[in-house]
Amino acid sequence: MKGLSVLIYLDNAATTKPCDAAVQGILKGLEVFGNPSSLHRCGVDAELLVSDARHAVAESLGCLEEEIYFTSGATESSNTAIFGAFKSQGKRRHRVVTTTVEHPATARPIDELERLGCEVVRISPDENGVISAESIIDAVNEDTFLVSMMLVNNETGAILPVGKAFAAIHRRFPKVITHCDCVQGYMKLPVRVKTLSADLISLSAHKIHGPKGTGALYVRKGLHLPALVMGGGQEKDLRSGTESVPLICGFGAAVKSLAGDLNDRLERARHLESYLAEKCAENGGATLNYTGEKSPYVNSISVAGLKSEVLLHYLEKKDIYVSSGSACSKGKKSGVLAEFRIPVQNMDTTLRISFSAETTEADIDALFDGIKSAQAELAHLR
């Protein structure tokens, strides 16, 4: 807030505002201050809270509680999945299959596997900006030990064919480990372990109105991953370190608060996506960058003649918050837009507009009022 102005927050793919339930969950976790590993009542009370959160996450995915491991966030989850798969099978087989549009939390660990001697096959979108299931499946062979693919791209909202590809890969090559970065899909799209056919799934709390600093990794029962963080044996020895009870409680509370109305929220997001498209058409200088199969929560637009960073900061002065791409890139070009065949002239004029359960048509109206004002005031910068 600045004075009496209303904050218009449209950068929910970067992070979301913690919901009231999450805040109350965090406070409860602070009050029950025992160490979950302690055997006395204070410890048992803390462990019960962690177990309750684990149950909420497991129920949301349709899996067993014992298949959910709490981490410090999706970056740690993805690193654990990728390096764990390498330590488990990378000495016998050497190929990794992934895409060119992954989040750095997946892409950089796989770059490191390549440096360590793995053969990495990176599948790009086709001329229409689409990654087909067949292109992923065809890249897998007997020497493959890991296939890693995100469900929803964090810059365009594109939905990748995870379930179709992974199911076929498991039928043909049952020993291949499949990993899905599900950060932008979880609690937004109908996501279930069975439909994803993934052995490993990375989740984040702060993308779903939970706290920063916690997330989870789903590990299919029967799949053994070597520990990367060693110590006291917490999280069944996969991820040692005293559990952050307050953050985990906030995570579980956020999941519970969103679980009951996922389909309603999805329909509402689709309506907002359509409304955004209408406003782009009315503006004339604004265009949608990606219109293929996508999540309605993440949208990429370009505003002709206005550099992304200039427009971003202009809107910020009006308390309208958007991003120019992935928050993790901190303004650096990620190359993802080029991979999705976004026109070159749109690259430097792109804004990412991402919704939450709290986004309204009025927020989008305010955004385009700001864009129209910028087009008039900043015309000399074109």
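**Entry 1: the sheet**

Two strands pair if DSSP finds at least two bridges between them, and the helices (H or I, at least four residues) and strands (E, at least two) that I cite are DSSP runs numbered from the N terminus. I am reading a predicted model, in which local features need pLDDT of at least 70 and side-chain atom pairs count only at pLDDT 80 or more, while totals for chains, interfaces and linings use all residues. Residues are numbered from 1 along each chain as its sequence is written, and side-chain values use heavy atoms, leaving out hydrogens and water.

I looked first at an open sheet of 3 strands, whose order is 9-10-12 and whose pairing is antiparallel. Its edges are strand 9 (286–288) and strand 12 (350–354), each of which pairs on one side only. From one strand to the next I find an average twist of 35 degrees. Strand 10 (residues 298–303) is joined to the antiparallel strand 12 by 5 bridges. Reading across that pair, I find N299 opposite I353, and S300 has R352 as its bridge partner.

**Entry 2: burial of strand 12**

Is strand 12 enclosed or open to the outside? I find 5 of its 5 residues buried (under 20% relative accessible area with a 1.4 Å probe, protein chains only; exposed is over 50%, partly exposed in between), so strand 12 is largely enclosed by the rest of the structure. The burial holds on both faces, with T350, R352 and S354 on one side and L351 and I353 on the other. In a regular strand the side chains alternate between the two faces of the sheet.

**Entry 3: helices across the sheet**

I then asked which helices lie across strand 9, strand 10 and strand 12. Helix 9 (residues 262–283) does so, running at about 140 degrees to strand 9, and helix 12 (residues 361–377) does so as well, at about 20 degrees to strand 10. Such angles run from 0 to 180 degrees between N-to-C directions, with axes fitted to C-alpha atoms, for helices over the stretch in contact.

For helix 12 I checked the length: its 17 residues, at 1.5 Å a residue, should span 24 Å, and the end C-alpha atoms are 24 Å apart, which agrees. The expected span is 1.5 Å times one less than the number of residues. The buried residues of helix 12 are D363, I364, L367, F368, G370, I371, S373, A374 and Q375.

**Entry 4: helix 3**

Helix 3 (residues 74–89) passes the length check too, since its 16 residues should span 22 Å at 1.5 Å each and its end C-alpha atoms lie 22 Å apart. I find this helix mostly covered, with 12 of the 16 residues buried; among them are E76, T80, I82, F83, F86 and Q89. The cover over these buried residues includes strand 2 (68–71), helix 4 (104–115), strand 5 (144–148), strand 6 (177–181), strand 7 (200–204) and strand 8 (215–219).

**Entry 5: partners of helix 8**

Helix 8 (residues 245–259) packs against helix 1 (residues 20–31), and I note that their axes come within 7 Å and cross at roughly 150 degrees. On the helix 1 side the contact (heavy atoms within 4.5 Å) is made by A21, A22, G25, I26, G29 and L30, and on the helix 8 side by V245, P246, C249, G250, A253, A254 and S257.

Helix 2 (residues 41–61) also packs with helix 8, at an angle of about 35 degrees and with the axes 8 Å apart. Here A46, L49, V50, D52, A53, A56, V57 and S60 of helix 2 meet V245, I248, C249, F251, G252, V255 and K256 of helix 8.

**Entry 6: loop residues**

Which loop residues have a positive phi without being glycine? S197, in the loop between helix 7 (193–196) and strand 7, has phi near 55 degrees. E235, in the loop between strand 8 and helix 8, has a phi of about 50 degrees, and its relative accessibility of 6% makes E235 count as buried.

I closed with N153, which sits in the loop between strand 5 and helix 6 (162–172) and counts as buried at 0% relative accessibility. Leaving aside residues up to four places away in sequence, N153 touches V101, A158, V298, V336 and F340. From G117, N153 is 36 residues away in sequence and 27 Å away in space, C-alpha to C-alpha.
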